[in-house]
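Good morning, and thank you for the time on the agenda. I would like to walk you through one structure, which you will see in a moment.

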Amino acid sequence: MVLASASPRRQQLLKELGLEFEVRPADVDEFYPENLGMTAIPEYLAQLKADVLVQNMADDELIITADTIVWKDDKVLGKPADKTEAVTMLKSLSGTQHQVITGINLQSKRKKISFHAVTEVWFDELSDQEIDYYIEKYQPYDKAGSYGIQEWIGFVGIYKIEGSFYNVMGLPIHKLYQYLKEF
């Protein structure tokens, strides 16, 4: 099994599931057609990552690719480029609801399955001091929407979710496990 992700969170979740896997990150430009909707974007990006690795995969390999987005006000909040962008994103999430969507692609030489998971997330109002503290201490520049639910901001800022907690971390592990059993 191959996990095409450098994400330490995804690696941790697969390890906790008891799976043996090799990490083989797929480095792609994460651009997508503008006409794609909320759930289609991360599935498209997961497939894009798989396309990079499928050409050189062994006959008995299974490749897992994933992409997670934060969806707010009909647009994607990606990974922040800098502190200013992280502050802007967290201020836009403060006191509101948004969706976290992860697209997954499972692919072997014989079979391919694509699916997604959606989690609704509600943030409490965040003060400027809380936002600054979080960004300075945790530097969430590798996280969609500028936050990690498993970090301090999740403890103090998120008061409700509907759906998979692990999806917000970047891998809907329960749903993935169900599909892996079918594979």
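I shall take the strands, then the largest pocket, then the nonpolar cores, and finally four individual residues.

Please keep in mind throughout that this is a predicted model.

Let me begin with the strand β5, which spans residues 97-107. How many of its eleven residues are buried? The number is ten, and β5 is accordingly described as mostly covered.

β5 has partners in two strands, and I shall take them in turn. The strand β3, residues 63-72, runs antiparallel to β5, and nine bridges join the two. One of the paired positions is Ile63, whose bridge partner in β5 is Gln107. The other partner is β6, residues 112-123, again antiparallel, with eleven bridges to β5. Here Gln107 appears once more, with Lys112 as its bridge partner in β6. Further along, Gly103 stands opposite His116 of β6. The connection from β5 to β6 is a hairpin of four residues.

From β6 we can continue to β7, residues 158-162. These two strands pair in the antiparallel sense over four bridges. Among the positions involved is Phe123, which has Ile158 of β7 as its bridge partner. As a general remark, the side chains of a regular strand alternate between the two faces of the sheet.

I turn now to the largest pocket. Its space comes to about 710 Å³. Which residues lie nearest its centre? They are Arg10, Glu30, Asp67, Lys79 and Asp142, out of a lining of 34 residues. By class, that lining divides into 18 nonpolar, seven polar and nine charged residues.

Several elements contribute to the lining. At least two residues each come from α1 (8-16), α2 (40-54), β3, β4 (75-77) and α6 (165-169). Of the elements, β3 gives the most, namely four residues. The strand β3 therefore has two roles in this account: pairing with β5 through nine bridges, and supplying four residues to the lining of the pocket.Next, the nonpolar cores. The largest has 36 residues, and those with the most contacts inside it are Tyr147 and Leu176. At least two residues of this core come from each of α1, β3, α3 (83-93), β5, β6, α4 (128-138), α6 and α7 (173-182). Which element gives the most to this core? It is α3, with five residues.

Leu176 deserves a closer look. Setting aside its neighbours within four places in sequence, Leu176 is in contact with Leu14, Ile104, Leu106, Phe115 and Leu171. There is also a second, separate core of six residues, which includes Val2, Ala4, Ala26 and Ile63. Ile63 was mentioned before, as the bridge partner of Gln107. In general terms, nonpolar side chains tend to be buried together in soluble globular proteins.

I come to the individual residues, starting with Gln47 in helix α2. Is Gln47 buried or exposed? Its relative accessibility is 15%, and because the cut-off for buried is under 20%, Gln47 counts as buried. Not counting residues within four places in sequence, Gln47 is in contact with Thr65, Asn105, Gln107, Lys112 and Ser114. Gln47 and Thr65 are 18 residues apart along the chain, with their C-alpha atoms separated by 7.2 Å.

Glu151 sits in the loop between α4 and α5 (152-157). With a relative accessible area of 13%, Glu151 is buried. Apart from residues up to four places away in sequence, Glu151 touches Tyr134, Tyr138 and Lys143. Glu151 and Ala26 are 125 residues apart in sequence, and their C-alpha atoms are 26 Å apart in space.

The remaining two residues are Asp73 and Asp74, both found in the loop between β3 and β4. What is the sign of phi at Asp73? The angle is positive, about 55 degrees, although Asp73 is not a glycine. Asp74, also not a glycine, has a positive phi of about 60 degrees. For context, most residues other than glycine have a negative phi. As to accessibility, Asp73 is exposed, with a relative accessible area of 61%. Asp74 is exposed as well, at 66%.

To close, I return to Gln107. Its bridge partners are Ile63 and Lys112, and Gln107 is also among the contacts of the buried Gln47. Thank you for your attention.

How values were computed. Residues numbered from 1 in each chain as written. Predicted model: local features only at pLDDT ≥ 70, side-chain atom pairs only at ≥ 80, totals over all residues. Heavy atoms only, no water. Buried < 20%, exposed > 50% of the residue type's maximum accessible area, 1.4 Å probe, protein only. Pairing = 2+ DSSP bridges. 1 Å grid on protein atoms, 1.4 Å probe; cavity = no way out; pocket = protein on both sides within 12 Å on 5 of 7 lines; lining within 4 Å. Points joined across faces, edges and corners; volume = space filled by probe spheres on them. Nonpolar A, V, L, I, M, F, W, Y, C, P; charged D, E, K, R; others polar. Core = buried A, V, L, I, M, F, W, Y, C linked by side-chain atoms within 4.5 Å. Contact = heavy atoms within 4.5 Å.
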